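Work through these exercises with the model open. Each task is followed by a solution in steps.

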Amino acid sequence: FCLLFFVGCSDSGSKKKIKTEAMVEQASKRLLKQKPVVKQPSFLPTLSNKNYEDILLKYGNENKETDLLIETEMGNIKIRLYKQPKMHRASFIYLAKMGYFNTTVFYRVIDDFVVQGGNSDNWDTQNLKAKIGNFKMKPEFFTELYHKRGAVAMARNYSDNPDKLSSPYTFYIVQRGKIKPEGIKYLRQMEDQIIPGDQADFYMKFGGSPSLDAEHTVIGEVLEGMDVVDAIAKVDTDEGDWPKKDIKITVKVLN
C-alpha cells in the first residue's frame, strides 16, 4: 500500500510540474506577443567604390530616418539630415545604426570655423571601418544646401581627389559666425564664386563658411544645440587642432 501511495504521489507531482511548465511557457508566449522582440541591425555586405551606390540606395529606401542626436559630455546636438543627398543620408544612418560613431570623437576643432568628428585613435574605430568597407562617395551638391552656420557636411581629402569624393566616416558642423559684406564681395569678384542673394543674406546675418560651398557635400543641419557646438569649438587643442581632452561621441537615430 505504501509503495503504491508513494508511486501515486510521485506521478501526481510530475503531472503538476508539467502543467506548471506549460502555463509558464504560454505566459511567456503572451508576453512576446505584447512586446515584440527588437531586431538588431545587421551589417550590409562590405561596401566598396563599385557597389556602395546600389547597396545604399536600397538601404536608404528601407531606412528613411533623418533625425539624430549627437551626445557628448558637454551637451547634446540634435541634427536633421536632408533628403536630397540620398546616398550620404543613407550612409550616415547606416554608420550610426552600426555604432560606428560611438567609437569616435570630435578630433579637429577650429574656433570660428568648424568642429569635425567621426575619427579616433581607437582600434574599435579602425575595425568597424574595415567591416563596413573602404570606399569614397561621389559628391551630391545642391545649390539650396549650403554651408550656413549649423550646417552638417562631409569631410574629404584635398590631395589627389579631383572628383571631390567624400569620406563616409568623417563629418563636420559649421560653427563660423557672421561674414562681413567685404568677404562676400571678395568671394564673388576674386574667387568667381556664385552666392545667391538669399544665401549671402544668411551668411551676413547669421554666419557660415561660403568658401566650402561646392567643395563638400552638405548633408544636414543642427536643429538644437548650437551652444554646445560653440562650446566645443573653444576647447584647448594641440598643434593639429585635436582637443587635448577627448570629446567622445554617441550618435542615436531618432526618427
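**Exercise 1. A pair within one helix**

In which helix do Lys58 and Glu62 both lie, and how many residues apart are they?

Solution. First, the ground rules: this is a predicted model, where local features need pLDDT of at least 70, side-chain atom pairs count only at pLDDT 80 or more, and totals for chains, interfaces and linings use all residues. Residues are numbered from 1 along each chain as its sequence is written, and side-chain values use heavy atoms, with hydrogens and water left out.

Step 1. Both residues lie in helix H2, 4 residues apart, about one turn of the helix. Helices (H or I, at least four residues) and strands (E, at least two) are DSSP runs, numbered from the N terminus.

Step 2. Recall the geometry. An α-helix has 3.6 residues a turn, so residues three or four places apart point the same way.

Step 3. Check the side chains. Lys58 and Glu62 meet in a salt bridge at 2.8 Å, N to O. A salt bridge is a side-chain nitrogen of Lys or Arg within 4 Å of a carboxyl oxygen of Asp or Glu. By this rule the count comes to 10 salt bridges.

Step 4. Check accessibility. Lys58 is exposed at 51% relative accessible area, and Glu62 is exposed at 53%. Here buried means under 20% relative accessible area, exposed over 50%, and partly exposed in between (1.4 Å probe, protein chains only).

**Exercise 2. The two faces of H2**

Identify the buried residues of H2 and say what they pack against.

Solution. Step 1. H2 spans residues 52-62, and its buried residues are Tyr52, Ile55, Leu56, Tyr59 and Gly60.

Step 2. These residues cover an arc of only 130 degrees around the axis, so they sit on the same side of H2. The arc is that of the directions from the helix axis to the C-beta atoms.

Step 3. Turn to the face directed away from the buried side. Asp54, Lys58 and Glu62 are the exposed residues there.

Step 4. Find the partner. The buried residues of H2 pack against helix H3 (86-97).

**Exercise 3. A buried arginine**

What is the nearest side chain of opposite charge to Arg89, and how far away is it?

Solution. Step 1. Locate Arg89: it lies in helix H3.

Step 2. Arg89 is buried yet has no salt bridge. The nearest side chain of opposite charge is Glu65, 5.1 Å away. Lys and Arg count as positive and Asp and Glu as negative; His and the chain ends are not counted.

Step 3. List the contacts (heavy atoms within 4.5 Å). Leaving aside neighbours within four places in sequence, Arg89 touches Gly60, Asn63, Lys64, Glu65, Thr66, Leu81 and Tyr82.

**Exercise 4. Strand S6 and the cores**

Which way do the side chains of S6 point, and are they buried or exposed?

Solution. Step 1. S6 covers residues 171-174. Phe171 and Ile173 point one way, Tyr172 and Val174 the other, and all are buried.

Step 2. Add the neighbouring strands. S4 (residues 114-119) runs antiparallel to S6, joined by 4 bridges. Gly117 has Phe171 as its bridge partner. S5 (residues 151-154) also pairs with S6 in the antiparallel sense, over 3 bridges, and Ala153 stands opposite Tyr172. Two strands pair if DSSP finds at least two bridges between them.

Step 3. Place the residues in cores. A nonpolar core is a set of buried Ala, Val, Leu, Ile, Met, Phe, Trp, Tyr and Cys residues joined through side-chain atoms within 4.5 Å. The largest has 43 residues; Leu56, Ile77, Ile79, Phe92, Phe106 and Phe171 touch the most other members. H3 gives the most to this core, with 7 residues. A second, separate core of 10 residues includes Ala151, Tyr172, Val174 and Val218.

**Exercise 5. Long-range salt bridges**

Find which parts of the chain the Asp111 and Lys234 pair links, then treat Glu215 and Lys164 likewise.

Solution. Step 1. Asp111 and Lys234 meet in a salt bridge at 3.3 Å, N to O. Asp111 is in the loop between S3 and S4, and Lys234 in the loop between H7 and strand S8 (250-253), 123 residues apart.

Step 2. Glu215 and Lys164 meet at 3.5 Å, N to O. Glu215 is in the loop between helix H6 (197-205) and S7, Lys164 in the loop between S5 and S6, 51 residues apart.

Step 3. Extend the second pair. Salt bridges that share partners join Arg156, Lys164 and Glu215 into one network.
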